[in-house]
Amino acid sequence: QVQLAESGGGSVQPGGSLRLSCAASGSISSLYAMGWYRQAPGEQRELVAVISSGGSTNYADSVKGRFTISRENAKNTVYLQMNSLKPTDTAVYYCKMFGYDDWGQGTQVTVSS
């Protein structure tokens, strides 16, 4: 079992930036890929970005060139730098450590003028 604590969400205007953080703790046996998902009201949860234990990254087409995922393995922490935010990025953002079924409480991101 792993505990995931997301932080860094908030309200910004279109074009603004936010940096999300997620710290994983608990019985972590080895390094796993980690990722960020988001879920807008009435929508399914979607995968936004993934980073492997070695640092390879993949992004959803909708965020490529705007979002950057990174991690600090020693801290079991993953980050999501979000730039050029759009109203369509509004959602609750969740992090995930692949290999475990647990989810954090999420952090709300609202992009509105």
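This briefing walks through the strands, the core and a few single residues of the structure above. The model is predicted. One open sheet has six strands with mixed pairing. Another open sheet has four strands with antiparallel pairing. One disulfide is counted, and the largest nonpolar core has 27 residues.

**The six-strand sheet**

- The strands of this sheet follow the order β2-β10-β9-β4-β5-β6.
- Its edge strands are β2, residues 10–12, and β6, residues 57–59. Each of these pairs on one side only.
- From one strand to the next, the twist averages 25 degrees.
- β2 and β10 run parallel and are joined by three bridges.
- Along this pair, Ser11 stands opposite Thr110, and Val12 stands opposite Val111.
- β9 and β10 run antiparallel, and three bridges join them as well.
- Here Tyr93 stands opposite Thr107 of β10.

**The four-strand sheet**

- The order in this sheet is β1-β3-β8-β7.
- β1, residues 2–7, and β7, residues 67–72, are its edge strands. Each has a pairing partner on one side only.
- The twist averages 15 degrees from one strand to the next.
- Six bridges join β7 to β8, which covers residues 77–82, and the sense is antiparallel.
- In this pair, Glu72 of β7 faces its opposite number Thr77 in β8.

**Strand β10 and Thr107**

- In a regular strand, side chains alternate between the two faces of the sheet.
- β10 has a covered face made of Thr107, Val109 and Val111. Its uncovered face holds Gln108 and Thr110.
- Thr107 lies in β10, which spans residues 107–111.
- Is Thr107 buried or exposed? Thr107 is buried, because its relative accessible area is 10% and buried means under 20%.
- The Thr107 side chain reaches the backbone nitrogen of Gly9 at 3.0 Å.
- Beyond residues up to four places away in sequence, Thr107 touches Glu6, Ser7, Gly8, Gly9, Leu20, Ala91, Val92 and Tyr93.

**The disulfide**

- Which two cysteines form the disulfide? Cys22 and Cys95 do, with their sulfur atoms 1.8 Å apart.
- The bond links distant parts of the chain, as the two residues are 73 residues apart.
- Cys22 sits in strand β3, residues 18–26. Cys95 sits in strand β9, residues 91–97.
- Cys22 is buried, with a relative accessible area of 0%.
- Cys95 also counts as buried, at 0% relative accessibility.

**Lys96, next in the chain**

- Lys96 is found in strand β9.
- Lys96 is buried, with 9% relative accessible area.
- Ala33 is 63 residues from Lys96 along the chain, yet their C-alpha atoms are separated by 8.5 Å.
- Setting aside neighbours within four places in sequence, Lys96 contacts Leu4, Ala33, Met34, Gly35, Tyr37, Asp101, Asp102 and Trp103.

**The nonpolar core**

- How many residues are in the largest nonpolar core? The count is 27.
- Trp36, Phe67, Val78, Leu80, Met82 and Tyr93 have the most contacts inside this core.
- Eight names make up the list of elements giving two or more residues to this core: β1, β3, β4 (34–39), β5 (46–51), β7, β8, β9 and β10.
- Tyr93, one of the residues with the most contacts in the core, also touches Thr107.

**Two loop residues with positive phi**

- Asn76 is in the loop between β7 and β8.
- The phi of Asn76 is near 50 degrees, a positive value in a residue other than glycine.
- Ser84 is placed in the loop between β8 and β9.
- Ser84 is not a glycine, but its phi is positive too, at about 50 degrees.
- Ser84 counts as partly exposed, because its relative accessibility is 41%.

How values were computed
Residues numbered from 1 in each chain as written. Predicted model: local features only at pLDDT ≥ 70, side-chain atom pairs only at ≥ 80, totals over all residues. Heavy atoms only, no water. Buried < 20%, exposed > 50% of the residue type's maximum accessible area, 1.4 Å probe, protein only. Polar contact = N/O pair within 3.5 Å; in protein donor to acceptor, adjacent residues only side chain to side chain. Contact = heavy atoms within 4.5 Å. Pairing = 2+ DSSP bridges. Axes fitted to C-alpha atoms, helices over the stretch in contact; angles between N-to-C directions. Disulfide = S-S within 2.5 Å. Core = buried A, V, L, I, M, F, W, Y, C linked by side-chain atoms within 4.5 Å.
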